[in-house]
Amino acid sequence: MDYTVMMPAAGSGTRMGAGQNKLFLKLAGKTILGHTLTVFEEDPWCAGIILAVKDSERPVIEAIIRDSAITKVKALPAGGAERQDSVAACLEAHQEGGIVLVHDAARPFIARPVIHKLAESAAEHGAAVAGVKAKDTMKYVTDGQVEETADRERLWIIQTPQAFRYELLLDASRKARQEQFLGTDEATLAERAGLPVHVVGSTYDNIKMTTPEDLAYGGYLLKKRLEETME
Ligand code: C5P
């Protein structure tokens, strides 16, 4: 089944403290962006990649695309001030419909079986997100005081990819923009429109490279995968 992936890559990554876009940092000699792009380049179901970039970083990103031998990039729209604006720019640049996945460029460890389950689930139900069950106890805290303990059995940590029928996400994205609503993920926009969103079980190692500790863990994950492929 074909899908197109919308990849926001226009963030600044201040929490990484790298003084540059964290996607340009290297893991095992290759940029984080290069690793994430390669996952989709190598997936036969992926028909195209639309990447939102900062105009000032366009030359660097074009060089990464070339150096990583990525052939599936269809458009490089300019990203916006918020992640949601960058995703909206990708959606507006895509004209072909079908199933679209939104995936953070900062998550290089997404597994192909999860991607495929998401595409199938979105085709069947309209919207599907990757998630893992919460392992820790979660509480609502206000001013240092616990207000309430959440029911862990029903708590999921939601990741990307998030998959949708294109028209459904485009409508939800345009509506959010009109109403100046800012969500923390794409599924929130669909939920606001009253649409059901399915959850597909993902893996705990599909981390978003956010802080320097993630880089160290990412290096370990890559080494482990390399050893597994050589066994
Ligand atoms: O900052 P954070 O890690 O939450 O960003 C998630 C993804 O969204 C990253 O791949 C980042 O490059 C992208 N992003 C974007 N435009 C923004 C902010 C973040 O494309 N304005």
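**Ligand contacts, burial and strand order**

Student: What makes the approach of A9 to the ligand a polar contact?

Tutor: A backbone N or O atom of A9 lies 3.2 Å from an oxygen atom of the ligand, and that pair qualifies because a polar contact is a pair of N or O atoms within 3.5 Å. The model is predicted, so local features need pLDDT of at least 70 and side-chain atom pairs count only at pLDDT 80 or more, while totals for chains, interfaces and linings use all residues. Residues are numbered from 1 along each chain as its sequence is written, and side-chain values use heavy atoms, with hydrogens and water left out.

Student: Which atoms of the ligand do G80 and R83 approach?

Tutor: A backbone N or O atom of G80 lies 2.9 Å from a nitrogen atom of the ligand, and a polar backbone atom of R83 is 3.4 Å from a nitrogen atom of the ligand. Taken alone, the ligand exposes 460 Å² (Shrake-Rupley, 1.4 Å probe), of which the protein buries 87%.

Student: Which residues come nearest to the ligand?

Tutor: There are 16 residues around the ligand (a heavy atom within 4 Å), and P8, A10, K22, S86 and K208 come nearest.

Student: Why is S173 called buried?

Tutor: Its relative accessible area is 8%, and buried means under 20%, exposed over 50% and partly exposed in between, so S173 is buried. S173 has its place in helix α5 (a DSSP run of H or I, at least four residues), and, leaving aside neighbours within four places in sequence, S173 is in contact (heavy atoms within 4.5 Å) with A88, L91 and L189.

Student: Why is A193 called partly exposed?

Tutor: A193 has 40% relative accessibility, and therefore counts as partly exposed. A193 lies in the loop between α6 (186–192) and β11; from L168 it is 25 residues away in sequence, yet 9.4 Å away in space, C-alpha to C-alpha.

Student: What makes β5 and β11 the edge strands of the sheet?

Tutor: The open sheet has 7 strands (DSSP runs of E, at least two residues) in the order β5-β4-β1-β6-β10-β7-β11, with mixed pairing, and β5 (73–75) and β11 (198–201) each pair on one side only.

Student: How do you know that β7 pairs with β11?

Tutor: Pairing requires at least two bridges found by DSSP, and 4 bridges join β7 (residues 127–133) to β11, so these strands, which run parallel, are paired. Within them, G131 stands opposite G201 in β11.

Definitions and conventions. A polar contact is a pair of N or O atoms within 3.5 Å; within protein, one must be able to donate a hydrogen and the other to accept it, and residues adjacent in sequence count only if both atoms are side-chain atoms. Buried means under 20% relative accessible area, exposed over 50%, partly exposed in between (1.4 Å probe, protein chains only).
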